[in-house]
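Reader: Could you take me on a close look at one part of this model, the second largest pocket, and then point out any odd backbone spots elsewhere?

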Amino acid sequence: MPQEPPPLLTMSAITKSFPGVRALDGVDLEVAPGEVHCLLGQNGAGKSTLIKVLAGAHQPDGGRITWRGEPVQLRSPIAAMRLGIATIYQELDLVEGLSVAENVHLGHEPTTAGFVVRGRAAKASTAALLKRLGHPEIDPARRVGDLSAAQQQIVSMARALSHDVRLIVMDEPSAALDPDEVDNLFRIVADLTADGVAVVYISHRLEEIRRIGDRVTVLKDGRAVAGGLPAASTPTGDIVALMTGRNVEYVFPPRPADPPAAPPVLQLQGLAREGEFDPVDLELRPGEIVGLAGLVGSGRSEILETVFGARKATAGRVLVDGRALRPGSVRAAVRAGLGLAPEERKAQGLLMLESVTRNVSVSTLARFSRAGWIDRGGEREASRAATRELSLRPDNPDAPIRTLSGGNQQKAVLARWLLRGCRVLLLDEPTRGVDVGARAELYAVIRRLADDGLAVLLVSSEVPEVLGLADRVLVLREGRVVHTAPARELDEHRVLDLVMEGSPTS
C-alpha cells in the first residue's frame, strides 16, 4: 500500500500574546498538498492572528512550523513568499494608482541582466497569469483603482501565482462577490488544487464550506477546538456549536404578527437615478423592517445612498413625515432623522484611528460643544450609554475602534445613530464580516430597535437574512423592482428565481 505524502504545512502548539490578550493558545493546523482546508471561528477566535503568523507578519511566541517536513521560521512576509506561501487578505493590499501588471510584479519585477524590465515583459507574464485564472479580458495596463472588487481579487490571485506558490490563504474571498463571481472563484480554486496547490479558506458562510472544503479546523478563544473535520459531512449545528460553545443556529427574532398601523415616516415617490435604478415607490412605517433583495448591481445600495443624500436622484423624491428632503443632501437627511450604516464599514462608516467614543459621537459633536471646546466627559458618558444599550464589548469607550470585532464595530455605527436620535435606519450589508454568534446578536438588536419604533430599510446579499429579518421585501433586478410581498410569503428559491428572471409582478 503506497504511503501518504507528508503534510505540506504543519503548525504545532502555536502561541501568540499581545498586551493583555492571549490570541493563540497552542493551536495546531495541518494542511495537505492540493486540499482546501477551511478555517472557521468567530471574530476574535484567533483566525487573523494565525494566518498572520503563517504569512510571516507576526512572530509566534512558541510552537513549531514545518514546511514539507522541514522545520522553518517565517521571519517576514518575504520569507513566507519565498517558501511558496501567499496570503490574500479580505482588505486587498493593492496599490490603486498602479497598473495591474505593476501590482502583480510589485517587489519582484522582471529583470534582464540585472536591470528591471518594465512594460512589455511584465505585461506579457501578467496576461498569462490572468488567462490561467480565466480572466484574459483584464488589461494588464489598466489602473487597478478602476477595476471592480471581483477583478481586484483576481489581480491579487495573479500576484500570488506570480511566485512559485504552493499554498494560498484566502481570507473571506467571497465577501464582495455576487453568485456568478463566487462560482468563478470556486472554479479557480478547483484548478489550483488540481495542480497540487493547497488553499486555506476562511469564510463566515457555512454553505460555502460545504461546496469547496475538504477539511475544517475550528478555532475558539485562541484554541483549535476541532481539527481535520470532513467539510461535507460534519453537521452545520456541530460546527456552529464548536465555534460558539453553544447550540446557535441562524434563528431570527420573531416578527410582529400584524404590520405597524402608524403613518409612514419615510416615503419614496417615484425615486430614480438614471442608469442605476428605475422609479421606486415605498412607504416605511415606525417599527417596520423592509428588505431590499437582489444581486450585486441590482440597485440596492444605490437606493439606500440616494435616500440618504449621498447620491442625487434624477427623478422622484424622498419624504420624511410628509416633508420632502432636499435631493443629494446628506445634511438634510441626517437632520430629518435618517442614519446610514454603509456596506464598506471600515472605509465609509468608521474612523479607524479613533476611539469608540469619538466614532459614536462624531455625528453629535455639536451637543457637547461649549464655546468652541468639546465637553470630553459628557461626550464619553453619552457614547458609553449608547453602546451599553447595544451591549457593545468590550465596555471601554476609550478602546481604539480598530481593535473591536466586526460585530462590535457595527454596533458602534448603530450607537452613533441612536445617540443622534435617528428615526429611520438604513442598513447596507449589516452582517458582512460578522461571525455566526455575533450575527444572531445583531439580528436581535435590529429587531429590538424596530420594536422600539425605529423604521429600518435593509439591504443584504444573503437572501435568508432578508427573509428572516424583514417584515416586507422588495425584490430588485437590474435596477427594477420586480416583486413586493410580505417576507412570510416568500422563500429563498422564489426570491432567487425572481432576481434571475425578473418577471415583473406585485
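Author: Quick definition before we start: helices and strands here are DSSP runs, at least four residues (H or I) for a helix and at least two (E) for a strand, numbered from the N terminus. Keep in mind that this is a predicted model.

Now to the pocket. The second largest one holds about 730 Å³ of space. Its lining is made up of 31 residues, and those closest to the centre are Pro179, Glu207, Ser461, Glu462 and Glu492. Several helices chip in with at least two lining residues each: helix 6 (179–194), helix 7 (206–212), helix 15 (436–451), helix 16 (463–469) and helix 17 (492–501). Helix 17 gives the most, with five residues. As for chemistry, the lining splits into 16 nonpolar, twelve charged and three polar residues.

On to the backbone oddities. The peptide bond running from arginine 393 to proline 394 is cis, its omega near 0°. You'll find proline 394 in the loop that links helix 13 (376–389) and helix 14 (406–420).

Then there are two positive phi angles in residues that aren't glycine. Alanine 13 has a phi of about 50°, and it belongs to strand 1 (residues 9–18). Glutamate 429 also has a positive phi of about 50°, but its place is the loop between strand 21 (424–428) and helix 15. Are these two buried or exposed? Alanine 13 has a relative accessible area of 39%, so it is partly exposed. Glutamate 429 comes out at 5% relative accessibility and therefore counts as buried, since the cut-off for that is under 20%.

Methods. Residues are numbered from 1 along each chain as its sequence is written. This is a predicted model: local features need pLDDT of at least 70, side-chain atom pairs count only at pLDDT 80 or more; totals for chains, interfaces and linings use all residues. Side-chain values use heavy atoms; hydrogens and water are left out. On a 1 Å grid over the protein atoms alone, a cavity is a set of points where a 1.4 Å probe fits but cannot get out, and a pocket is an open set with protein on both sides within 12 Å along at least five of seven lines; lining residues have an atom within 4 Å of a point. Grid points are joined across faces, edges and corners, and a volume is the space filled by probe spheres set on the points. Ala, Val, Leu, Ile, Met, Phe, Trp, Tyr, Cys and Pro count as nonpolar, Asp, Glu, Lys and Arg as charged, and the others, Gly among them, as polar. Buried means under 20% relative accessible area, exposed over 50%, partly exposed in between (1.4 Å probe, protein chains only).
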